[in-house]
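Work through the following exercises with the structure in view, trying each task before reading its solution.

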Amino acid sequence: MADHVVRFTESGKNVQVPTGSLLSEAARLAGEEIGQPCGGQGRCGRCLVRVEQGTVRSRSSLRIALEDQQAGYVLACQAVVEGDVQVSVPEQEKIERRLTTDRTAQEVGVPVGYQYPRDQTVWRLHVSLKPPDMDDQTDDWSRLQNALRQQHGITILNISLNLLRKIGKVLRTGEWQVTAIVEYQKGEEFRLIDLIPKHVADSQPLWGTAIDIGTTTVTLWLVNLLNGEVAAQVAEYNGQIARGEDVISRIIFASKNNGGQILQDLVLETINSLIERACKRAGIQPETIYKASLAGNSTMMHLLLGIPAESIRLSPFITAVNQPPLMRAVEVGLQLHPEASVDCLPGVASYVGADITAGVLASGMDDSEAIRLFLDVGTNGEIVLGSREWLVTCACSAGPAFEGAGVQDGMRATKGAIEEVWVNTNTFEPTYRVIGGGKPRGVCGSGLISLLAELFLTGVIDKSGNFNLELGTPRVRNGEHGPEYVLAWAEESSHGNDIVITHVDIDNLIRAKAAIYAGFTILADSVGVSLEMAEDVLVGGSFGKYINVEKAVQIGLLPDKPWEQFKFLGNTAVRGAYLALLDRKMRARIAAIAGRMTYLELSADNTFYEAFTSALFLPHTDLSRFPSVADAFALPHV
Amino acid sequence: MPVEIPKDNWPGAVRTITLGATAAEGGSRRQVVTVGGAKSLPFLHFEAIHPYRPVIALEIRDRRPDDWSPLLIKTWQEVVDDPASWAQAGEKLGVDLIQLTLSLTKADGSSNTPANAVNVVKAVLAATGLPLLVFGPGQAEVDNELLVAVAEATKGERLVLGICEDKNYRTIVAAALANGHLVSARTPMDVNLAKQLNILIKDMGMPLDRILMDPTTGALGYGIEYGYSVMERLRLAALQGDTMTQFPMIVTPGFEAWKTKEAKVGEGVPAEWGDWEARAIHWESLTTIALLESGADIVVLRHPESIRRIQAAIQELMTQAEPA
Amino acid sequence: MALTGIQIYKLLPKTNCKDCGYPTCLAFAMKLAAKQEELSACPHVSEAARAELAESSAPPVRLITLKANGNEFKSGNETVLFRHEKTFVNKPGVFVRFSDDLSPAEIQANLAPAEAFQVNYVGISLALDGYAVASVTGNPEAFAGAVAAIRNLSHKPLILIARDPQVMAAGLRVVDGETPLIYAADQDNWQSMAELARQHQAPLAVRADSLEDLAGLTEKLVAAGVEDLVLDPGGRDLATSLSRCTQIRRLALKNFRPLGYPIIALPAEASTPEIEPLMAAQSVAKYGGFIVLSSFTPELLYPLLVLRQNIYTDPQKPIQVQPGLYEINDPGPESPVLVTTNFSITYFSVANEVEGSGIPAWLVVADAEGMSVLTAWAAGKFDAERIAKDVRSFGVAEKVTHKRIVLPGHVAVLSGELEEELPGWEIRVGPREAVDLPSFLKQAL
């Protein structure tokens with residue numbers, strides 16, 4: 001049998017291997033550093049190399065984009081040497097950027113064409129008043145109104161009692177040179193939000209904030225309304241979690257004794273601490289924030305505003321309000337400027353709230369010619385299907401697992417979270433990537449998805465999610481809550497305890513993904529459209545920075561469509577709130593979206609139960625819905 | 001006027017499965033029984049040839065059942081104390097299969113043991129030439145213990161071992177796999193769960209011609225509509241080519257019907273219910289016919305009169321009166 | 001072909017005006033597609049759209065109504081081949097046959113118990129739908145006498161069975177003004193029978209021994225002005241009957257109008273008396289619209305009517321079991337008390353597991369309006385208050401010596417409140433899934 005020379009470009013090393021050897025074997029002989037976390041099964045893509053001269057026969061190119069394949073990229077563990085070749089080994093970080101399935105959320109871009117003050121409802125205006133004298137005995141408030149009319153064309157100006165108490169002093173402190181913060185209301189009407197002595201320099205930012213109140217996670221962006229720039233992004237678990245993981249438990253808690261008050265205080269505490277944190281990061285005072293746009297599901301909105309939410313839970317599932325009026329921070333309890341404008345965005349129904357209308361806006365699907373599919377993964381999975389012509393939506397209760405909550409070692413996607421996992425097919429040993437590097441503290445949503453897929457593909461669990469206890473690895477053991485898999489031993493973790501995924505966790509994850517997938521199928525069936533007809537899938541939510549599409553498909557969370565058709569938008573609810581915060585046209589579009597979305601109540605008949613049980617399997621009871629996973633099983637190793 | 005008869009031309013078919021093995025095949029059965037092979041919905045002879053008729057299994061116990069209706073005990077009399085004679089009585093009646101259920105306890109109240117289970121199974125095998133289905137008492141640990149012993153002691157007989165359920169299938173499948181037996185996979189009235197368990201069993205390497213599925217049916221008046229529709233849907237899926245639903249279906253209308261108050265009890269019931277024994281037999285046989293119409297390949301029955309009627313019905317249903 | 005929601009939507013004004021009572025035009029379109037709403041609810045729909053939508057909604061199996069003294073029986077309007085596809089709509093009528101060779105006194109003696117027959121199944125009252133009177137003597141007076149004898153005692157709808165039009169005419173005269181089913185027109189007598197059907201404005205059964213002949217006859221009858229027809233495709237053995245009934249339903253669903261009528265099945269003419277009940281059962285499952293039995297036997301009628309009830313439940317609607325205290329494996333005063341909801345799948349899975357475990361137990365099936373544990377809890381139909389109310393009203397405390405109750409694991413959160421609602425009771429949290437009940441019962445209790 002003939003030998004061939006394999007030459008490695010960067011190190012200049014040469015090795016001789018017989019025909020039929022794998023490039024990965026050649027690399028090992030040459031002492032090249034090539035990652036193989038999956039154990040050389042062609043699954044993780046970490047052994048990506050580029051063939052610069054000669055050719056190899058590639059057994060699988062599962063994770064490589066077409067253009068990269070054409071550029072000579074192959075998986076070393078799947079590349080069979082059949083002649084002399086020269087190979088380049090890229091650096092690991094470069095590989096991760098190349099792999100088509102690791103998509104990151106887009107950086108926040110200021111919406112194209114945003115113009116202050118044209119699009120904004122909150123303005124900062126310099127006002128110069130003629131000081132009063134014995135001849136001009138006009139009162140302070142009228143004087144200010146006159147000046148605003150003459151200098152800025154504002155004919156009707158409203159003011160609160162609180163502010164009235166303070167304007168006299170401000171006018172005099174500023175020696176009749178003041179800066180007014182006003183908000184456009186409707187028709188000719190404006191409202192005075194604040195009055196500041198002297199003329200604030202135009203270079204100073206004008207602050208607003210966009211907030212998404214998730215059942216599990218609250219996210220807040222601090223935004224300069226003058227140019228749309230985001231000065232800080234912060235997020236924290238919703239303080240209400242301790243009083244129930246899902247909206248139903250919260251509603252029940254709120255309906256008892258003083259529960260509503262307790263929950264309202266808890267979420268306010270969370271939001272206010274986020275405001276503080278964002279302000280600290282930007283070096284500003286919370287009182288200089290004059291506007292807030294809030295997205296959140298209907299229950300969260302009700303609880304925040306202290307409105308009884310009981311009717312949301314009870315058939316026929318009616319909210320007290322879908323479109324709350326404009327409010328002031330002091331009424332709501334937000335620690336911004338007390339007169340700051342608080343805009344709670346409109347929702348559609350009990351289980352399709354402002355987080356989704358905002359998300360649809362952020363996705364742009366309401367203005368799309370083609371049919372698109374939008375998924376917001378949170379504690380509830382909300383799904384929207386449609387186009388410019390029609391929009392249909394449903395909500396399915398996924399639970400908090402994908403946000404890292406309700407899972408033994410789950411955590412949010414922050415520093416110390418395992419965000420991606422590979423399991424070696426032969427040894428069942430894991431390799432993982434930790435956000436921020438260093439020792440892991442737990443597993444975030446994307447890590448859990450990745451882990452579930454790997455455990456399933458390597459046979460550690462069967463398609464029902466039951467552990468195989470006869471693999472002969474100490475990683476699979478009987479723990480306190482039944483069988484479990486040890487992802488990191490105590491000495492490898494930052495807190496000195498084992499990091500595990502238990503049978504119960506796996507059940508929760510499978511239920512969560514099944515609920516979401518069932519939502520997809522029912523929504524599509526309800527309008528007689530197949531999932532293939534959707535041009536792309538827009539995914540929002542707080543999975544973490546990365547979500548590996550391939551793995552999300554392998555566990556049957558996302559429909560099996562080509563990778564190119566998935567777009568990750570990050571937290572679309574907060575992004576929608578951000579757009580509405582900046583641009584009144586965007587705000588009007590959210591209202592239009594809320595008016596024309598058709599909501600499908602899944603509990604109305606048996607179809608959900610049916611679709612749900614068929615999705616309670618990895619990846620799905622009907623494997624023909626997941627041809628790419630069927631192909632993955634057909635690889636030589638399985 | 002000319003009428004064009006709409007015929008479905010299905011791409012799939014139910015798998016053909018043979019129960020039991022003769023001496024030449026490594027077992028000791030006088031005859032084997034083959035089921036399945038359907039290429040259309042049940043008994044639609046104008047559409048496809050039905051190579052194998054549905055078959056009847058007689059349910060017997062390894063000892064006198066404590067909880068059976070007195071009507072059943074009255075009709076079988078003393079054979080209920082001897083599984084071998086019971087099986088022989090069934091064979092005389094013309095049933096195709098014997099389904100033996102092992103009990104949790106022996107007649108003296110002590111726990112059943114693997115050795116006892118093996119003895120009973122061997123005695124039944126010796127007493128009849130019919131293929132045998134052996135089910136455990138329905139508690140995972142005991143099932144596994146008894147069935148593994150039975151599987152090993154009867155290697156090559158192509159028994160059907162049961163009952164595999166999604167929380168307890170590995171041990172029984174492994175024992176059947178190693179000893180040349182078949183398994184029965186039971187799921188609670190749900191198309192998806194049925195399919196999932198079949199996939200799990202297949203994933204363990206079980207050849208597909210050694211799996212029967214029991215979709216659980218419920219009795220007349222007690223949820224049969226679920227079982228009925230689940231079976232119709234499973235059969236339609238099989239015909240449409242879904243390989244993981246192409247297993248013959250075994251159902252237990254005897255068990256289902258005889259646990260209902262209508263069949264079990266004769267006193268303190270409304271007069272409108274009519275004669276007790278006649279009603280009980282109707283309950284069992286009507287449950288059975290509904291399940292046959294929805295695709296059952298093996299029906300496990302209890303009362304000799306129900307068996308006679310169902311034998312007659314199957315014969316009539318399998319007789320092709322008109323040319324295809 | 002039925003239109004999908006989107007297809008219907010495209011025919012609507014798309015203004016989301018809400019005048020129909022739905023929030024969007026698409027929501028209304030989906031209701032129309034599910035046949036849960038009438039197009040007339042939209043005041044703005046165009047004539048063209050109205051015509052197109054009407055086309056797609058004509059019933060493939062014609063609705064036939066029998067009437068007698070205010071009693072009505074309906075058959076037809078079916079739209080599917082399998083009940084799981086949507087639902088079967090009108091239950092087949094069960095009729096008991098009387099022959100005119102019996103004396104009026106004999107008829108009345110046999111009729112009395114049949115007429116009185118009424119049996120309760122899960123709160124539903126089941127009874128016969130009517131009677132068939134068959135001419136065996138060929139004598140018009142005897143036939144008229146038999147019809148009159150039945151009519152004296154019963155107000156239920158009738159099927160009149162006679163081949164001779166003169167005999168039929170005599171029977172029809174007795175029930176003039178009613179709408180009985182005339183059985184049957186065949187190759188030879190169809191013209192006279194059509195005449196009678198027209199005269200009495202009564203539906204007419206058509207009998208032939210092949211589908212070709214049957215379709216030919218219905219065409220002629222429709223041309224002769226008789227539109228309310230019922231089909232008897234012959235075939236008195238199980239296999240032939242099944243094949244022909246299946247073919248008829250398939251053709252009807254393909255909008256083959258000559259066979260778009262309900263079917264009459266005659267188990268009364270089955271090959272043997274033993275086959276009769278099984279053929280009746282087959283006819284319930286497989287497309288019978290009228291079922292004629294040879295005699296009144298309550299022990300058969302009860303299971304047959306229950307089967308009919310089961311097959312004709314709407315599979316889209318979760319069905320409920322009767323709330324109450326259920327005994328499993330003969331429980332005693334020491335046996336554990338479990339709680340679940342009255343969604344039938346929930347009940348069956350819990351009951352099956354407990355039963356399979358061999359452990360005696362009391363099962364409190366609470367009235368949760370037919371929802372599963374989680375759904376009912378989420379919807380507020382399965383809370384501490386309701387459970388406590390049911391525990392009290394079912395008299396659980398009188399059945400047991402202990403005061404311990406096991407809640408489903410999914411509603412562990414209710415245990416505190418339930419303790420308040422049921423002072424003195426110990427509340428235990430059971431497993432979330434029924435399948436884990438046996439081991440729970442063994443280990444934890």
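**Exercise 1.** Find how much area chain A and chain B bury between them, and which three residues of chain A supply the most of its share.

*Solution.* Buried area is the accessible area, taken with a 1.4 Å probe, that two parts lose on being put together, summed over both. For chain A and chain B this comes to about 1200 Å², with 39% of it on carbon and sulfur atoms. On the side of chain A, Glu610(A), Phe617(A) and Thr621(A) supply 37% of the area buried against chain B, more than any other three residues. The model is predicted, so local features need pLDDT of at least 70 and side-chain atom pairs pLDDT 80 or more, whereas totals for chains, interfaces and linings use all residues. Residues are numbered from 1 along each chain as written, chains are lettered from A and ligands numbered from 1 in the order written, and side-chain values use heavy atoms, without hydrogens and water.

**Exercise 2.** Count the salt bridges across this interface.

*Solution.* Look for a side-chain nitrogen of Lys or Arg within 4 Å of a carboxyl oxygen of Asp or Glu. The rule finds 3 salt bridges between chain A and chain B; one of them joins Lys463(A) to Asp203(B), whose closest N and O atoms are 2.9 Å apart.

**Exercise 3.** Explain why Cys47(A) has no bond to Cys77(A).

*Solution.* A disulfide requires two cysteine sulfur atoms within 2.5 Å. The sulfur of Cys47(A) lies 3.7 Å from the closest cysteine sulfur, that of Cys77(A), and is therefore too far away for a bond. Over all chains, the search finds 0 disulfides.
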